[in-house]
Amino acid sequence: MGFRDFVSGLFTRKPSASYSGWRGGFPYTGSKLKGSTVSAYPSQYLLDYDQLRSNSRRNYFESTHARSLIGRLSQNAIGTGLKLSCTPTWEIVAPSWTEEQKQKFTREVEMRWYLWATSHEADAMGKRTLGELQEFEFKNRMKDGETLIILRYSQDAKRLSPLSIQFINPDQIYDELNLNSQQKLPSGNIKQDGIELTSGGEEVAVYIQDPVTLKVQRVPYWGVRRHFVLHPAIIEEIGQVRGVSPIAMLAHELKKLTDYSVAEIEAAINNAVIAGFIKPSDTANSSHALSAIASAGALKNTAAQSEPTHIDKAGVWIQNLKAGEELVSFDTKRPNVNFGAFCDTIITYISAALDIPVEVLKMTFGQNFSASRASLILYWETVEDWRAKTVSQFLQPVYNAWFDEEVQSGRIKAPGYGDSPALTAAWTTTDWIGNSVPSIDPTKEAEADNIRLQQGATTHERIAMKYNGSDFRDNVERLKKENEMLGVEEKVDG
């Protein structure tokens, strides 16, 4: 399709943005102050997706708190990337296979996937591995509220897989300004916010505008067999099509908190420059308070009274005082003693809005063991929730597309695949394993894993993946060799 990356105008709204969508009224931009552009709650007004996305991007680049929120979730939900565990539904696809056959199949699939996922072939730009793309997709979905992904297929026989992943800027989704948002299409579908939907609401195509040529192209989600478009989106309202970032509704708080922090820092710096001042005599003319500094060449703009005075050298110059004058130390009021407590209160509200314990956001665990562990456990429910969304909307569709190419090429043998929806789904069932809950007490965690093994609640393979992302079978083989080496050394020493 040849769409260029949309870099210019990162924070600029499209002039053709449509305000006709799933709610009536005026567009909601995230403002919460009375008298501003819009002062009502978003439930009463149509969401202005372009402006909300612009606000979220600005906050991500300008607010340390916004970057921390997204970074903390990305670090724990995705990390270096979720690992594939191939788990076909054997009762459906191959009930007669032996355990050895099953292990051979899963091993082959996982190794082929690993080779492709850890190469740069997964990225249409050829720069990142699939693990890096997972982090990239998650951060952009959190920042923009959605990502738009094109699955591309190469004809190069030298590639590990024809599949590669291309990201399109959501700003390129084109929705011309018109009064009829539910415009009927020849196929009987409807078009809303640049997305073509069936009468039941299923997304079937997207309209993408090239930012250079301005040409608009309809891109179908599916071809005859292949999957072409993915649209992971954060959607919370009935009838909503475009995604909204979770930090979009916090734009006001994040912006003001950043303004306050910067203002307080500047005030503290300005206060630090003034070491003291001269208290004049009641009976005599006062000295030029900055004459000694001026003579040292550190003072600027002393001639023009309308210009501000700037001191550009550190240190203090003390001049001779006239009779009756007194040198008084400057009593600074900065930083404000309430600054930390106030910021912590606002940060607590912000973190709670995203279901992140404030201890996790600030990376400060000053409470006791039980309280810290409770915070991590509650937070991990949020992590697992975001992981499930990533798997559902991004990873599993990518895996399905990859697996389909492997089967069609004959590199993977999956009898009955494609014969029915049930068989196809049964061959592509998976588990995706990421980092486990950080361990406050590793010994207790290991003991808990042993108990779960005895109960049949988990497997050695799952524990190995959860602990450090390793493969249990590889671990067993390596341990066997290492133990043999240790046995040889013991005999030699004897």
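Hi everyone, let's start with Arg-53, which is found in helix α1, residues 49–62. Keep in mind that we are looking at a predicted model. So is this arginine buried or exposed? Arg-53 has a relative accessible area of 2%, and because the cut-off for buried is under 20%, Arg-53 counts as buried. As for its company, if we set aside neighbours within four places in sequence, Arg-53 is in contact with Asp-144, Glu-146, Pro-170, Asp-171 and Arg-242.

One of those partners, Asp-144, takes us to helix α5, which covers residues 130–144. Helix α5 packs with helix α2, residues 64–77, at an angle of about 145°, and their axes are 10 Å apart. The crossing of α2 past α5 is right-handed. Which residues make the contact? From α2 we have Ile-70, Leu-73, Ser-74 and Ala-77, and from α5 there are Glu-135, Phe-138, Lys-139, Met-142 and Lys-143. Sorted by class, that gives five nonpolar, one polar and three charged residues.

Now over to the sheet. Helix α5 lies across β4 and β5, and runs at about 25° to β5. These strands belong to an open sheet of three, ordered β5-β4-β11, with antiparallel pairing. At the edges sit β5 (163–168) and β11 (229–230), each pairing on one side only. Strand β4, residues 148–153, pairs with β5 over six bridges in the antiparallel sense. If you'd like one pair to find on screen, look for Leu-151, whose bridge partner in β5 is Ile-165.

That's my tour, thanks for listening!

Key: Residues are numbered from 1 along each chain as its sequence is written. This is a predicted model: local features need pLDDT of at least 70, side-chain atom pairs count only at pLDDT 80 or more; totals for chains, interfaces and linings use all residues. Side-chain values use heavy atoms; hydrogens and water are left out. Axes are lines fitted to C-alpha atoms, for helices over the stretch in contact, and angles run from 0 to 180 degrees between N-to-C directions. Helices (H or I, at least four residues) and strands (E, at least two) are DSSP runs, numbered from the N terminus. A crossing is left-handed if the near helix is turned anticlockwise from the far one by less than a right angle, and right-handed if clockwise. Contact means heavy atoms within 4.5 Å. Ala, Val, Leu, Ile, Met, Phe, Trp, Tyr, Cys and Pro count as nonpolar, Asp, Glu, Lys and Arg as charged, and the others, Gly among them, as polar. Buried means under 20% relative accessible area, exposed over 50%, partly exposed in between (1.4 Å probe, protein chains only). Two strands pair if DSSP finds at least two bridges between them.
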